[in-house]
Amino acid sequence: MHQTLGVALALLLVACHGDPSEVRTENPPPASGNTVAARQAPNPLRDAYFGDLHVHTRYSFDAFTFGTTATPDDAYRYAAGAAIEHPWGYDLQLREPLDFYAVTDHALFLGLAGAMADTGTAISAQPFARRYHKLNEPQNRDLRSLGFRASAFSSFLRQIRAALDAGLVAADDIAAIGADAWADTVRSADAHYRPGELTTFAGFEYTSGGGGGSLHRNVIFSGTRELPALPFSRDDSQNPEGLWDWMDALRERGVESLAIPHNSNTSNGQMFMLQDWDGAPLDDAYGEQRLRNEPLAEITQVKGT
């Protein structure tokens, strides 16, 4: 079982106060008469922990389309300090290992782009999949491929939706691909967990939208036991309250998680609106549910602020 989220996340930049009854007696400030000004003892957990909770691998269709072939295992090895290969052929390596890490691939169509590129899969035989077959071969990893990649990315969701509507692809088959990718993600988080060295979390990215903005959330589980077979995506509900309902239902079964608003600057103000998804005024029930499931907000991340 992994460390608690409180240790790995809330203590990233913690400023909690210790027990006010505790005093530190070494090197006290000068006494005034018979009174010694007591200094509060430092919280023993008042350390800064460094990590990343927004990490995509080949299982995210956007990352794969733009050349990412790294697996969750590769991502966790990178977090631990190992060198991995950049899609354009050079090595990337951290100066120092990280303290915590979570692979959070897009829940929507998880693993699908990579399956389309693998000519051994059934979905790779679909006409819309053929452009992916050699997309990430070594000869295509250069600037000349950017235009093609951008086109493939911009048409990906539209083509998958059209194929589903036309009955060319079964939703259950796409779900099976996602379940395999999710199982591998969870397995990898467990395999690379090193207590006291690298805290790993199973997680995913949930993206909703509407109103001219995007609503992204990184959903992080505190452990890996009894997780659902698939993460929650916008195909389950575009309403973030649906995500919180799903998280509440899992919590009742003993599966703890939290959602962290991500890239809220691209939400067109929707991440912190003063009404709910249906336009109704916020009430206590809304506030309590959001606080229960979403106690943190992202301030900065590796790729930008």
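Begin by selecting R290, which is buried in this predicted model, its relative accessible area being 12% and therefore under the 20% that marks a buried residue. If you then colour residues 284-293, you will see that R290 belongs to helix α8. To find what surrounds R290, leave out the residues up to four places away in sequence, and show R217, W244, P261, M271, F272 and P295, each of which R290 touches.

Now step back and display the whole protein chain, whose secondary structure amounts to 8 helices and 9 strands. The chain has 305 residues, and 44% of them count as buried. Among the contacts between residues at least 6 apart in sequence, 69% join residues that are at least 24 apart.

Next, go to the largest nonpolar core, which has 32 residues. Which of its members touch the most other members? Select Y101, W182, F204, F221, L227, L243 and W246, and you have the residues that do so. Several elements supply at least two residues each to this core, namely the helices α3 (72-79), α6 (171-191) and α7 (240-252), together with the strands β6 (100-106), β7 (199-210) and β8 (213-221). The element that gives the most is α7, with 5 residues.

Stay in this core and centre the view on L227. When its neighbours within four places in sequence are set aside, L227 is in contact with W182, V186, A202, F221 and V255. A second core, separate from the one you have been viewing, has 20 residues, and to locate it you can select F61, L112, A115 and I174, which are among them.

For the last stop, show α3 and α6 together. In general, two packed helices are described by the angle between their axes and the distance between those axes. Here α3 and α6 pack at an angle of about 25°, and their axes are 9 Å apart. Are the two helices, then, roughly parallel or roughly antiparallel to each other? Because angles under 35 degrees count as roughly parallel, α3 and α6 are roughly parallel to each other. As you turn the view, note as well that α3 passes α6 in a right-handed crossing.

To see where the two helices meet, select P72, D73 and Y76 on α3, and then D184, T185, R187, S188 and A189 on α6, since these residues make the contact. Coloured by residue type, the residues of this contact divide into 3 nonpolar, 2 polar and 3 charged.

Methods:
Residues numbered from 1 in each chain as written. Predicted model: local features only at pLDDT ≥ 70, side-chain atom pairs only at ≥ 80, totals over all residues. Heavy atoms only, no water. Core = buried A, V, L, I, M, F, W, Y, C linked by side-chain atoms within 4.5 Å. Buried < 20%, exposed > 50% of the residue type's maximum accessible area, 1.4 Å probe, protein only. Helix = DSSP H or I, 4+ residues; strand = E, 2+ residues; numbered from the N terminus. Contact = heavy atoms within 4.5 Å. Axes fitted to C-alpha atoms, helices over the stretch in contact; angles between N-to-C directions. Parallel < 35°, antiparallel > 145°, perpendicular 65-115°, else oblique. Left-handed = near helix turned anticlockwise from the far one by under 90°. Nonpolar A, V, L, I, M, F, W, Y, C, P; charged D, E, K, R; others polar.
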